[in-house]
Amino acid sequence: MTNFDINSMSCPLPKMDFDTIQLAHGAGGKLSSDLIEKLFLPRFGNQTLNKLEDQAILENPGKRLAFTTDSFVVDPIFFPGGNIGDLAINGTINDVAMSGAKPLYLSVGFILEEGLSLELLHQIALSMEFAAKQAGVQIVTGDTKVVNKGSCDKLFINTSGIGTVPSEVNISAANIQPGDKIIISGTVADHGMAVMTTREDLSFKSQIQSDTTALNGLVDEMLNVSKDIHAMRDPTRGGVATTLNEFARQSNVGIQLYTDSVPVKPEVNGACEVLGIDPLYVANEGKLIAVVPGNIADEMLSAMQANKLGKDAKIIGEAVTENLGIVVQSTGFGANRIVDMPIGEQLPRIC
Amino acid sequence: MKYLDEFRDPVIAKQILSEIKKTITQPWVIMEVCGGQTHSILKNGIDQILPKEIELVHGPGCPVCVTPLEIIDKALAIASLPNVIFTSFGDMLRVPGSNKDLFQVKSEGGDVRIVYSPLEALKIARNNPDKEVVFFAIGFETTAPGNAMAIYQAHREGITNFSELVSHVLVPPAMTLLLSSPKNRVQAYLAAGHVCTIMGWREYEPIAKQYKVPIIPTGFEPIDILEGILLAVQQLEEGRYEVVNQYLRAVQRDGNRPAQDIISKIFEVGNRKWRGIGEIPQSGLLIRDEFSIYDAEKKFNVGNIITQESDECIAGVILQGLKKPHECPAFGKECTPMNPLGATMVSSEGACSAYYKYQRIKND
C-alpha cells in the first residue's frame, strides 16, 4: 500500500472574495452561502448535505431520520426571555421539527472560556434541562472543551438533534408550488431586538423579550391538520426576508408578500425604527414559516391560532409565477418593492 | 405607531397624488437632496406611482457616499495602528478604501467598533485611558452637533485619548454648485428634512431667489415626500420660487439654535473634498485650532495620505443627478452591494444601493 500524502491532493482554495474569514461569513446572508457553496460543499458534499436544508433526512430501513447541528455564540449570553442555553436546545429542536420530524435526541458540545463562573454555567445548564424537558427530548451525549482566556467569549455551545420523520411527510424548501400560501406563526424580530437592546452601549432600554421556544408541539398540531405542508423553516439569522428568499430560489417561484402583512409588536417596531433596522431581517427563535397549498391554508391557520405558540399566526403572502426566485412586497401605494437577501451582518452576533 | 403610521397612510397618499395630477401640466425635474429620502422613495415605490411628467433625480445627501476615498484611506491607516480603538457608524465599515475596508482591518486584528453615537465613543475613551479612541466623524449638519458635543465634553473633562477623524460637509454649498453647473437639470429641491431640523431654512432663501428654484424642506415618510412634491409642483406651475416648509413637525425657520452654537464653537467652515465631485470651497467643517488635539488627522499624522479616485465608478455623476444608478454600465454586474465599486452602492442612503435593493425587477 502506498503512503498517502496529503500534499499530493490538488484542491486549491476556491476563489473567494476575501482571503480571511469575515464577520459576514457567519451572518446568514450572501457571504455565508458563498462560503458554504464554494468551500464546504465541494469538500463535504453528499446527496443529503447538498439539499441545503436546515436538517438532514436520512433513509433508514422503515423509518427516515432528521438530523441537524447548530452552534450558538450569542452575545450577551443572558438576554430578556432566555439565554444561550435554552436557545441552543430550542434552536436545534426547531431545525429538526421544521422537517415535520418528531425530535427525539440531542447532543450538546460546550466550548468554555477559562475563568467562566460555575454558577453561571449551572444556570445555563438548568435552563437547558428545562427547555429539553418541555419539548420532550433527551440530551443523550455531550462534550466539553475549555480554551484559554480570550480564545472564546465566555462559552459557545454546539447541539445536534435527531428525530423521526412520519412516512407521508415530505417538507422541503424546494417543494413550493405557485398558489401556495405562506403562513407565519407569530410576530417577528422579537429575539433579535431583545438581544440588540440589551447591549450595554445602547442609550435606551426596552421591555422586548426573546421568543426563544421549541416549536415541535405546534408542528405536531399542524401535521394533524394535513401532512401536505410543502415547506417550513424557522426564520432565525437573516430573519423572514432571508428564509423567503431561500424558498423563492430553491423552489424557483416568485414570492409575493401582501402589504404590511408581517406582524411586528409595536415596541419591537419602535426599537427597529430608532435603530434603522428592518424587522424582516431580524432573527427569530420561536417562529416558523409554513408554505401550504392554498386550499388548506385557512384550516391550517385556524389550527395554528388555536395553539399558544401560533396565536398571532397570519397568512402573509403567496407563491406566484412572476419574478421567479425573488421576493416582492406590495407597498400599499400601488407599487412593489424587492425584499432582498441581506448582504452581511445587520446586528451584533445574535444566535 | 404615532408620528409614523399617519405619514404612511395609503388613503392620504392617494389624495395627495390626485392633487399632484390635477396641478401638473408639464414635465418637471425635482431633486430630493437626501439619500434617506431616495431610499424611502424606492422602498415605497413612490417613483412608480407619480405622473410621468415628474422626474425625480437623486441628490448628493448621502454622508457615506460623499466621504472622499482619501479620508477612508486615512481611517484605515489609523484603525490599523496598535493601541487604537477605531469607532464608527456601521455604514462606514463596508465602504471600500483603495485596497480594503474597515471590516477587513477588523478581521486583521484592528480594534474597530460600531457605535450609535459619538458620545458612546467618548465613553469608550473614558473607560480605556491607556488606548487612543478615534471616532469617524462624517456627515452633514445633522450629525455635526453630536460630533461637536463629544469634543466639547472631552475638552471639559480633560480627556485627551479621544479624537475625531472629521469629514463634515455642508448641504447648501453643494446645492448651489449643482444649480450653477451648465449641465444642471434640477428645477426644484426637496431639501433634507433633518439637516433643516438643525440649521433651519434661512440659508436656502437666497439660493431659491438667485436660481429661481422652489426649495421644500421635506421629511422622510411617503406622505412627507408626496406632500413635498406637491408643494414643489404648485410653485413650479405658478412660476414661484420660495422656500416652503413641508416638515412642519420637525423644522423651524431658525432651526435648532443650541445645536448650531455647539457646531460653531468646535468647528469652522472651510474647503472640503466630496467623493466623486471634488473640492467645493467653504463646503465643510474643520476642527478649530484651539481644539486641534482632538483632530485625529493631526494626532496620527495622516495628512500626507493623498488618494486619486478611480474613474470606474460614476458615483459623482449620480450624486449630481446627471445619471440614474441603473444607467451605469457596472450596475449590478461589476458593482453590487457585495463587491461595491463605490460608496453609493454600500450606504443605506446610497442611490445605487436603493436601486439594487428595491427595484431590480424594473431595471433587469
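Helices and strands are DSSP runs, numbered from the N terminus, with at least four residues (H or I) for a helix and at least two (E) for a strand. The structure is a predicted model, with the protein chains A and B in contact.

**Backbone features of chain A**

The loop between strand 2 (64-72) and strand 3 (78-79) of chain A holds A:Pro76. The peptide bond that leads from A:Asp75 into A:Pro76 is cis, and its omega is near 5 degrees. Most residues other than glycine have a negative phi, and most peptide bonds are trans.

Two residues of chain A have a positive phi without being glycine, A:Lys154 and A:Asp260. They are set out below.

| Residue | Phi | Loop of chain A | Relative accessibility |
|---|---|---|---|
| A:Lys154 | about 65 degrees | between strand 6 (138-147) and strand 7 (155-165) | 31% |
| A:Asp260 | near 45 degrees | between strand 10 (254-257) and helix 7 (266-275) | 66% |

A:Lys154 counts as partly exposed because its relative accessibility is 31%, and partly exposed covers the range between under 20% and over 50%. A:Asp260 counts as exposed because its value is 66%.

**The interface of chain A and chain B**

In the contact between the chains, 35 residues of chain A meet 31 residues of chain B. About 2,700 Å² is buried between chain A and chain B, and 59% of this area is on carbon and sulfur atoms. Of the area that chain A buries against chain B, 26% comes from A:Phe333, A:Ile338 and A:Ile343, more than from any other three residues.

Chain A and chain B are joined by 1 salt bridge. It is formed by the side chains of A:Glu273 and B:Arg8, at 2.9 Å from N to O. Across the interface, 4 residue pairs are in polar contact, with both residues at pLDDT 80 or more. On the side of chain A that touches chain B, helix 1 (30-44), helix 7 and strand 14 (336-338) of chain A each supply at least two residues. Helix 7 of chain A gives the most to this side, with 5 residues.

**Helix 7 of chain B**

Helix 7 of chain B spans residues 118-127, and B:Pro118, B:Glu120, B:Ala121, B:Leu122, B:Ile124 and B:Ala125 are buried in it. An α-helix has 3.6 residues a turn, so residues three or four places apart point the same way. The cover over the buried residues of helix 7 of chain B includes strand 3 (84-88), strand 4 (111-114), strand 5 (132-139), helix 8 (144-157) and strand 6 (162-169) of chain B. At the start of helix 7 of chain B, B:Ser117 places a side-chain oxygen within 2.9 Å of the backbone nitrogen of B:Leu119.

**Aromatic rings**

Over all chains, the structure holds 5 aromatic pairs. One of them is the edge-to-face pair of B:Phe331 and B:Tyr356, with 6.2 Å centre to centre and 70 degrees between the planes. This pair links distant parts of the chain: B:Phe331 is in the loop between helix 15 (315-319) and helix 16 (351-358) of chain B, while B:Tyr356 is in helix 16 of chain B, 25 residues apart. Both B:Phe331 and B:Tyr356 are buried.

Another ring of chain B, that of B:Phe7, has B:Arg249 over its face, at 3.5 Å from the ring centre.

Definitions and conventions. Residues numbered from 1 in each chain as written. Chains lettered and ligands numbered in written order. Heavy atoms only, no water. Phe/Tyr/Trp six-rings, centres within 6.5 Å; stacked < 30°, edge-to-face > 60°. Buried < 20%, exposed > 50% of the residue type's maximum accessible area, 1.4 Å probe, protein only. Lys NZ or Arg CZ within 6 Å of the ring centre and 35° of its normal. Contact = heavy atoms within 4.5 Å. Buried area = accessible area lost by both parts, 1.4 Å probe. Salt bridge = Lys/Arg side-chain N within 4 Å of Asp/Glu carboxyl O. Polar contact = N/O pair within 3.5 Å; in protein donor to acceptor, adjacent residues only side chain to side chain.
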